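Colleague: I would like to go through this model with you, one point at a time. Please give the reasoning before each result.

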Amino acid sequence: MVNMKTLSLKLDDKVFNDTEQVISRIRKPRNRYINEAIDFYNKIQRKKFLAACLEKESRLVQDESLLVLHEFEKIDYEG
């Protein structure tokens, strides 16, 4: 069994009403729907964080990578 944490959640009226409309159509318990929505949003945020880290690291090594590329271009592979 999965451990669950209890929390109090305040939603904007519009978000709550939209949620109620959706869960009534898909016939899913509110708690399950909110859990899945947060899980999905967490995955998106992790991907954004990873992309930002990769972009930062790429900028850090960009100049060195260009130097290495120029060195490879100078190699005479035919001779």
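Colleague: How far does α1 reach from its first C-alpha to its last?

Modeller: This is a predicted model, and α1 has 14 residues in it. At 1.5 Å a residue, a span of 20 Å is expected. The reach of α1 is close to that, at 20 Å.

Colleague: Which residue follows α1, and what is its phi?

Modeller: The residue lies in the loop between α1 and α2. It is exposed, with a relative accessible area of 77%. It is not a glycine, although its phi is positive. The residue is Arg27, with a phi near 55 degrees.

Colleague: How many helices and how many strands are in the chain?

Modeller: One helix, α1, covers residues 13-26. Another, α2, covers residues 30-74. The count for the chain is 2 helices and 0 strands.

Colleague: What is the radius of gyration of the chain, set against that of a compact globule of 79 residues?

Modeller: Along its principal axes, the C-alpha trace spans about 75 × 35 × 25 Å. A compact globule of 79 residues would have a radius of gyration near 12 Å. For the chain, the value is 25 Å.

Colleague: What share of the 79 residues is buried?

Modeller: Buried here means under 20% relative accessible area. The accessible surface of the chain comes to about 8000 Å², and 57% of that belongs to carbon and sulfur atoms. Of the 79 residues, the buried share is 3%.

Colleague: Which residue pairs with Arg30 in a salt bridge?

Modeller: Side chains of opposite charge can pair when their charged atoms come close. In this salt bridge the N to O distance is 2.6 Å. Arg30 lies in helix α2 and its partner in helix α1, so the pair ties together parts that are 10 residues apart in sequence. The partner of Arg30 is Glu20.

Colleague: Are Arg30 and Glu20 buried, partly exposed or exposed?

Modeller: The partly exposed class runs between 20% and 50% relative accessible area. Arg30 has 39%, and Glu20 has 24%. Because both values fall between those cut-offs, Arg30 and Glu20 are partly exposed.

Colleague: How many salt bridges does the structure hold, and where in the helix does Lys43 find Asp39?

Modeller: The closest N and O atoms of Lys43 and Asp39 are 3.3 Å apart. Lys43 is partly exposed at 42%, and so is Asp39 at 37%. The two residues are 4 residues apart in helix α2, separated by about one helical turn. The structure holds a total of 6 salt bridges.

Colleague: Glu71 forms a salt bridge with which residue?

Modeller: The closest N and O atoms of this pair are 3.4 Å apart. The two residues lie 3 apart in helix α2, which means about one helical turn between them. Glu71 is partly exposed at 47%, whereas its partner counts as exposed at 62%. That partner is Lys74.

Colleague: Where is Leu9 placed, and which residues make a nonpolar surface patch with Leu9?

Modeller: The place of Leu9 is in the segment before α1. Leu9 counts as partly exposed, at 48% relative accessibility. The patch has an area of about 440 Å². Its other members are Leu7, Leu11, Val15 and Phe16.

Key: Residues are numbered from 1 along each chain as its sequence is written. This is a predicted model: local features need pLDDT of at least 70, side-chain atom pairs count only at pLDDT 80 or more; totals for chains, interfaces and linings use all residues. Side-chain values use heavy atoms; hydrogens and water are left out. Patches are made of residues with over 30% relative accessible area and no salt bridge: like charges are joined within 9 Å, nonpolar side chains (Val, Leu, Ile, Met, Phe, Trp, Tyr) within 5 Å. Accessible areas come from the Shrake-Rupley method with a 1.4 Å probe; for residues, only the protein chains shown count as cover. A salt bridge is a side-chain nitrogen of Lys or Arg within 4 Å of a carboxyl oxygen of Asp or Glu. Buried means under 20% relative accessible area, exposed over 50%, partly exposed in between (1.4 Å probe, protein chains only). The expected span of a helix is 1.5 Å times one less than its number of residues. The radius of gyration is taken over C-alpha atoms; the globule rule is 2.2 Å times the number of residues to the power 0.38.
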